[in-house]
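User: I'm new to reading protein models, and I'd like a close look at one part of this one. Could you pick out a single aromatic residue and then work outwards to what surrounds it?

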Amino acid sequence: MTSLQAAILPPSAGWSWIVQGIRLFRRQPMAMIFWSVATSFFVNVGALVPVLGQTALVLLTPLLAFLTLCACRKLDEGVRMVPGLWLQPLQSPGTTGALLKLGLAYLGCSFLAALAAVLPFMSSMLDALGTAEQPDFTALLQALQGPLMVFGLFYVLLSALFWHTPALVGWHRLPLRRALFYSMVACWRNKYAIILYVATWAALFFGLHGLLEGLAAVGLPAGLLAWLALLLDVFITALLYCSFYTIYTTIFRPSQAAST
């Protein structure tokens, strides 16, 4: 088996990933827009089902991420995406089971992170809820700030652990623990590039939505703005998917050197 080594890239790679993702998107824009709409629909439907829907979304996140990476690899290879190709990667023996196992690990870690974030603040949250029929929402929001900040810190760690694991498990057949370790090391080695990457996307997203708010302030119809916001989110998500693939292909490259 060809060993893998996580490359150490300069911070400017954060911008390069976005540029390369845009170039990849331009090869088959309608295919990625379709996938963006399909995944958004799946997420919205899952969010409508209490508990079970959200649980299924977290469980299937690695599987959807792997399908996205496989589609981007087809685009990179110049293969025209047709309906039969989207789910084709799951036909490989053992792939679906390994990704569902990864999804269970992600679900379990997310649950533990949420539990660890909530327990220290449980008393203050219960006090904010009180015994009245109508709780004090201002006090409740203040009580939730602590748990949300703690969970945010845990989520950064979870993101590093699971960022590259779908590809490492699905393409390279690495055991779960080894894939988690590789992903963590790869993110740590390229932390500055990742920070720049995330900050750029955040600035772009909030900047464009700020522009829409400015258009609303000058009297543009609310219905038109809602459609523009929807189209904008679909387009940005499609570009984001393509950039995920470029991150993986630039960090993990076949090497004759010892594995990470």
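Analyst: Let's start with tryptophan 163, which is partly exposed, with a relative accessible area of 25%. That label applies because buried means under 20% and exposed means over 50%, and 25% falls in between. Keep in mind that this is a predicted model.

Now for the partner of this residue. The ring centres of tryptophan 163 and tyrosine 197 are 6.5 Å apart and the planes meet at 55°, so this pair is called tilted. The pair joins distant parts of the chain, with the two positions 34 residues apart in numbering. Tryptophan 163 sits in the loop between helix 7 (137-162) and helix 8 (165-170), whereas tyrosine 197 belongs to helix 10 (residues 191-217). Buried or partly exposed: which word fits tyrosine 197? The answer is buried, because its relative accessibility is 3%, and the cut-off for buried is under 20%.

These two rings also have company. Ring pairs link Trp17, Trp163, Tyr197, Trp201, Tyr241 and Phe244 into a cluster. Across the whole structure, a search turns up 15 aromatic pairs.

Another of those pairs makes a nice side trip. Phenylalanine 34 and tryptophan 86 have ring centres 5.6 Å apart and planes at 55°, so this pair is tilted. Phenylalanine 34 is in helix 2 (residues 29-48) and tryptophan 86 is in helix 4 (residues 83-86), so the pair ties together parts that lie 52 residues apart in sequence. Phenylalanine 34 is partly exposed at 45% relative accessible area, while tryptophan 86 is buried at 8%.

Back to our cluster, since one of its members leads inwards. Trp17 is in the cluster, and Trp17 is also among the residues with the most contacts inside the largest nonpolar core. That core has 58 residues, and the others with the most contacts inside it are Met32, Met81, Leu168, Trp171, Ile251 and Phe252. Which helix gives the most to this core? Helix 11 (residues 222-251) does, with twelve residues.

Ile251 is worth zooming in on too. Setting aside residues up to four places away in sequence, isoleucine 251 touches Gln5, Ala6, Ala7, Leu9, Trp17, His164, Ala186 and Asn190. So Trp17 turns up once more, as a contact of isoleucine 251.

Helix 10, the home of tyrosine 197, also holds histidine 209. Histidine 209 counts as buried, at 18% relative accessibility. Leaving out neighbours within four places in sequence, its contacts are Ala229, Leu232 and Asp233.

A different kind of ring partner shows up at tryptophan 188. Here the charged end of lysine 191 sits over the ring, 3.9 Å from the ring centre.

If you follow the chain on past helix 8, you reach arginine 173, in the loop between helix 8 and helix 9 (176-189). Most residues other than glycine have a negative phi. Arginine 173, though not a glycine, has a positive phi of about 60°, and it is partly exposed at 41%. Valine 51 also has a positive phi, about 65°, without being a glycine. Valine 51 is placed in the loop between helix 2 and helix 3 (52-76), and it is exposed, with a relative accessible area of 60%.

Helix 9 is where you find leucine 176, which is partly exposed at 21% relative accessible area. Its C-alpha atom is 6.9 Å from that of leucine 102, although the two are 74 residues apart along the chain. Apart from neighbours within four places in sequence, leucine 176 is in contact with Lys101, Leu102 and Ala105.

Finally, let's zoom out. The chain has eleven helices and two strands, and in order from the N terminus they run β-α-α-α-α-α-α-α-α-α-α-α-β. Of its 260 residues, 35% count as buried. Among contacts between residues at least 6 apart in sequence, 76% join residues at least 24 apart.

How far can you trust the picture? The mean pLDDT of the chain is 88, with 93% of residues at 70 or more. Over residues 254-260, however, pLDDT stays under 50.

Definitions and conventions
Residues are numbered from 1 along each chain as its sequence is written. This is a predicted model: local features need pLDDT of at least 70, side-chain atom pairs count only at pLDDT 80 or more; totals for chains, interfaces and linings use all residues. Side-chain values use heavy atoms; hydrogens and water are left out. A nonpolar core is a set of buried Ala, Val, Leu, Ile, Met, Phe, Trp, Tyr and Cys residues joined through side-chain atoms within 4.5 Å. Buried means under 20% relative accessible area, exposed over 50%, partly exposed in between (1.4 Å probe, protein chains only). Helices (H or I, at least four residues) and strands (E, at least two) are DSSP runs, numbered from the N terminus. Contact means heavy atoms within 4.5 Å. Rings of Phe, Tyr and Trp (its six-membered ring) pair if their centres lie within 6.5 Å; planes under 30 degrees apart count as stacked, over 60 as edge-to-face and the rest as tilted. A charge sits over a ring if NZ of Lys or CZ of Arg is within 6 Å of the ring centre and within 35 degrees of the ring normal. pLDDT is the predictor's confidence in each residue, from 0 to 100.
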